Amino acid sequence: RCNKRLEEITHLDLDSRAGATVLSQIEEERQLSARLRGLSFAVLATAGSIDDRRGMAEVVSAMRECAEGGDALVGAAVASLPAGAEGGGVATAGELAEAFGRDAWAARRAALLPEKPSAVEQAAASVRALFLRPFSDSSLPKGAGLDMPLRRAQYFVDRGDFVKAAEELESLQPHVKAKVVKWIEDARRRGVAEQALRLVRSHAAALLSA
């Protein structure tokens with residue numbers, strides 16, 4: 001009789017463990033399903049342009065949800081985003097292009113001057129600056145002139161490659177670079193955000209196709 005009771009208890013214990021295993025598997029599948037839904041949304045959201053402020057807010061929200069669900073790679077992408085990326089903290093392509101036109105002109109004028117110009121030199125540079133023509137190169141400019149980094153940067157800006165443009169500006173003389181230093185920072189912030197979104201897209205696509 002004792003053996004029979006022990007056998008019944010053993011069966012109950014096995015059934016309990018089996019039930020717990022099934023419940024655990026169901027919960028894991030539920031979490032995986034939720035994660036995949038979040039990643040699917042992230043893929044769709046990141047397919048939009050980074051220049052869409054509302055879309056960018058949805059992108060970051062989807063990324064944060066995935067990160068909170070335990071996705072370490074998406075969490076790393078979220079951590080790499082510039083502060084305020086979801087609230088207009090990343091410049092749009094239009095804003096960068098417009099700001100470059102303004103700041104590059106100031107830099108070109110500065111390139112006409114020595115590092116510590118006299119009043120006469122400043123006046124002369126102002127006159128010469130009136131005759132500066134916009135850069136409109138159809139191919140990447142070559143050479144090592146004082147304005148070459150600005151010309152190459154303009155070439156890349158015209159083609160939407162703001163990171164490459166920022167790299168070109170790094171070689172400017174200090175007093176010339178000072179005129180575009182904020183633009184460089186804004187371009188690099190955008191580049192970081194774009195890289196994070198590319199990472200999430202490729203990661204999510206790989207998981208969803210698995």
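The following exercises, with worked solutions, concern a predicted model of a protein.

**Exercise 1. Overall make-up**

Describe the secondary structure, burial and surface of the protein.

Solution. Start with the elements: the protein has 9 helices and 0 strands. Read from the N terminus, the order is therefore α-α-α-α-α-α-α-α-α. Next, take burial: of the 210 residues, 31% are buried. The accessible surface is about 12,900 Å², and carbon and sulfur atoms contribute 55% of that area. Finally, consider the contacts with a separation of 6 or more: 59% of them join residues 24 or more positions apart.

**Exercise 2. Confidence along the chain**

Find which element has the lowest mean pLDDT and which has the highest, and state what the model shows for residues 2–6.

Solution. Begin with the average: the protein has a mean pLDDT of 77, and 68% of the residues reach at least 70. Then go element by element. Helix H1 (residues 2–46) has the lowest mean, 56, while H7 has the highest, 96. Last, look at residues 2–6, where pLDDT stays under 50. For this stretch the model has 0 contacts beyond four places in sequence.

**Exercise 3. A salt bridge between two helices**

Locate the partners of the salt bridge between Glu168 and Arg152, and decide whether each is buried or exposed.

Solution. First, the distance: the closest N and O atoms of Glu168 and Arg152 are 2.9 Å apart. Second, the positions: Glu168 belongs to helix H7 (residues 162–169) and Arg152 to helix H6 (residues 148–158), so the bridge links distant parts of the chain, 16 residues apart. Third, the accessibility: a residue is buried under 20% relative accessible area. Glu168 has 19% and is therefore buried. Arg152, at 14%, is buried because its value also lies under that cut-off.

**Exercise 4. A salt bridge within one helix**

Work out how Glu194 and Arg190 are placed in helix H9, and classify the accessibility of each.

Solution. Both residues lie in helix H9 (residues 181–209), with a spacing of 4 residues, about one turn of the helix. Their side chains form a salt bridge with an N to O distance of 3.2 Å. Now take the two partners separately. Arg190 has a relative accessible area of 6% and is buried. Glu194, at 25%, is partly exposed.

**Exercise 5. A salt-bridge network**

Which residues are linked with Glu170 in a network of salt bridges?

Solution. Start from the total: the whole structure contains 7 salt bridges. One of them joins the side chains of Glu170 and Lys177, at 2.5 Å from N to O. Extending from this pair, the network consists of Glu170, Lys177 and Arg188. As for accessibility, Glu170 is partly exposed at 34%, and Lys177 is partly exposed at 24%.

**Exercise 6. Packing of H4 and H6**

Determine how helix H4 (residues 93–111) is oriented against H6, and name the residues that make the contact.

Solution. The axes of H4 and H6 are 11 Å apart, at an angle of about 170°. Angles over 145 degrees count as roughly antiparallel, so H4 is roughly antiparallel to H6. To complete the picture, list the residues on each side. H4 contributes Ala97, Phe100, Ala104, Ala107 and Arg108. H6 contributes Leu150, Ala153, Gln154 and Val157. Helix H6 also carries Arg152, the salt-bridge partner of Glu168.

How values were computed
Residues are numbered from 1 along each chain as its sequence is written. This is a predicted model: local features need pLDDT of at least 70, side-chain atom pairs count only at pLDDT 80 or more; totals for chains, interfaces and linings use all residues. Side-chain values use heavy atoms; hydrogens and water are left out. Helices (H or I, at least four residues) and strands (E, at least two) are DSSP runs, numbered from the N terminus. Buried means under 20% relative accessible area, exposed over 50%, partly exposed in between (1.4 Å probe, protein chains only). Contact means heavy atoms within 4.5 Å. Accessible areas come from the Shrake-Rupley method with a 1.4 Å probe; for residues, only the protein chains shown count as cover. A salt bridge is a side-chain nitrogen of Lys or Arg within 4 Å of a carboxyl oxygen of Asp or Glu. pLDDT is the predictor's confidence in each residue, from 0 to 100. Axes are lines fitted to C-alpha atoms, for helices over the stretch in contact, and angles run from 0 to 180 degrees between N-to-C directions. Angles under 35 degrees count as roughly parallel, over 145 as roughly antiparallel, 65 to 115 as roughly perpendicular and the rest as oblique.
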